[in-house]
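Reader: I'm new to this structure and would like a close look at one part of it. Could you pick the place where two helices meet and walk me through it, then show me how the rest fits around it?

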Amino acid sequence: MKAPSFLALLAASLLFVGPVQAHGDEKHGEEASAAPAATNGDAHDQAAMAQMGEPAGAGESSGAHDEAGEALDDAGGHADEGETGVMAVLKKLHPATIHFPIALFLMAAATEVFVMRRKEAGLQSAVRVLVYGGAIGAVVAVLFGWVHTGLWFGGDTVMQVHRWNGMLIAVLGIAMAYLASRPSQSRAWLRASLFSMAALVLIQGFLGGELAHGPNHLGISWL
């Protein structure tokens, strides 16, 4: 074979093989670049979720939080936050109404101590007015308590004691108002009721705090 013919054949072979190799390199290059692109895409998605405050396990955490919220509703009988209108407002008034009977009954008991020490001070009428106000406030607080939970008798031990202790306070308050309205030489029954009521409202306030703020909300577990 002559040299020019051999050189022409060799050049043609190189021209045929060259594009094939180049195409193969492009394909491998695309595969190599696809992996970093996918990695970069995942990293970008994770960064976007981090900026939005949604960690990778946000879905699982949300589900666990929802389950915990449902358990808290079952234990404490909280009002449905999704409700709107007048009933939603009424369900939130129970915490606002409980302060009046607590304050009035405690002041009535404290005033009765002054009556015991100084009968001539003329504070019997003040005790009577405080008892009347506390009895009315206790009935109103109990009514709003039932509005808050609905006709519901569930809950843990704290909820049960809080519920029925509140009913006892309302009934005892009405009985105290009756005793205070009667002119009597002896105030023994009224005084016994007043001091018992003072203890009951203190216990009720503590139980309400346990329900609203969680167990051991005062940090006195060491007692």
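**Where helix 5 meets helix 8**

Author: Let's start right at the meeting place. On the helix 5 side you'll find I102, F105, L106, A108, A109, E112, V113, V115 and M116, and what they meet in helix 8 is R191, L194, F195, M197, A198, V201 and L202. Sort the residues of this contact by kind and you get 14 nonpolar, no polar and two charged. Keep in mind that you're looking at a predicted model, not an experimental one.

How do the two helices sit against each other? Helix 5 covers residues 99–117 and helix 8 covers residues 188–213, and their axes come within 9 Å, crossing at roughly 140°. The crossing of helix 5 past helix 8 is left-handed.

Now zoom in on one residue of that contact, L194, which has its place in helix 8. Is L194 buried or exposed? Its relative accessible area is 0%, so L194 is buried. Look at what surrounds it: leaving out residues up to four places away in sequence, L194 touches A108, A109, E112, V127, V131 and M176. Among these, A108, A109 and E112 also appear on the helix 5 side of the contact. The pairing with A108 is a nice one to find on screen, since L194 and A108 are 86 residues apart along the chain, yet their C-alpha atoms are separated by 7.1 Å.

Over on the other partner, try V115, which lies in helix 5. With a relative accessible area of 1%, V115 is under the 20% cut-off and therefore buried. Setting aside residues up to four places away in sequence, V115 touches L123, Q124, V127, R187 and R191. R191 is one of the helix 8 residues in the contact we began with. V127 is worth a second look: V115 and V127 are 12 residues apart in sequence, and 8.8 Å separates them in space, C-alpha to C-alpha. You've met V127 already, as one of the residues that L194 touches.

Let's move on to helix 7, which runs over residues 157–181. M176, another residue touched by L194, falls within that range. H162 is in helix 7 too. H162 has 14% relative accessibility, so it counts as buried. Not counting residues up to four places away in sequence, H162 touches H94, Q204, L207, G208 and L211. Q204, L207, G208 and L211 fall within residues 188–213, the stretch of helix 8.

Just before helix 7 there's a loop, coming after helix 6 (124–149), and G154 is found in it. G154 counts as partly exposed because its relative accessibility is 23%. If you leave aside its neighbours within four places in sequence, G154 is in contact with M159, Q160 and R163.

Two more spots help you get your bearings. One is M87 in helix 3, a helix that spans residues 86–91. M87 has 42% relative accessibility, so it counts as partly exposed. M87 and H148 are 61 residues apart in sequence but 9.1 Å apart in space, going from C-alpha to C-alpha.

The other is N216, in the segment after helix 8. Its phi is near 55°, a positive value in a residue other than glycine. At 35% relative accessibility, N216 counts as partly exposed.

Now step back to the chain as a whole. It has eight helices and zero strands, and reading along the sequence gives the pattern α-α-α-α-α-α-α-α. Of its 223 residues, 23% count as buried. Among contacts with a separation of 6 or more, 70% are between residues 24 or more positions apart. The accessible surface comes to about 15200 Å², and 67% of that belongs to carbon and sulfur atoms.

Finally, there's something from the records. An unreviewed UniProt entry lists residues 98–117, 129–152, 164–181 and 188–207 under "transmembrane region". You can check two of those spans against the model. Residues 164–181 are 100% helix and 0% strand, with the end C-alpha atoms 26 Å apart. Residues 188–207 are also 100% helix and 0% strand, and here the end C-alpha atoms lie 29 Å apart.

Key
Residues are numbered from 1 along each chain as its sequence is written. This is a predicted model: local features need pLDDT of at least 70, side-chain atom pairs count only at pLDDT 80 or more; totals for chains, interfaces and linings use all residues. Side-chain values use heavy atoms; hydrogens and water are left out. UniProt positions are given in the numbering used here, feature names are shortened, and annotations may be inferred rather than shown by experiment. Helices (H or I, at least four residues) and strands (E, at least two) are DSSP runs, numbered from the N terminus. Buried means under 20% relative accessible area, exposed over 50%, partly exposed in between (1.4 Å probe, protein chains only). Contact means heavy atoms within 4.5 Å. Accessible areas come from the Shrake-Rupley method with a 1.4 Å probe; for residues, only the protein chains shown count as cover. Axes are lines fitted to C-alpha atoms, for helices over the stretch in contact, and angles run from 0 to 180 degrees between N-to-C directions. A crossing is left-handed if the near helix is turned anticlockwise from the far one by less than a right angle, and right-handed if clockwise. Ala, Val, Leu, Ile, Met, Phe, Trp, Tyr, Cys and Pro count as nonpolar, Asp, Glu, Lys and Arg as charged, and the others, Gly among them, as polar.
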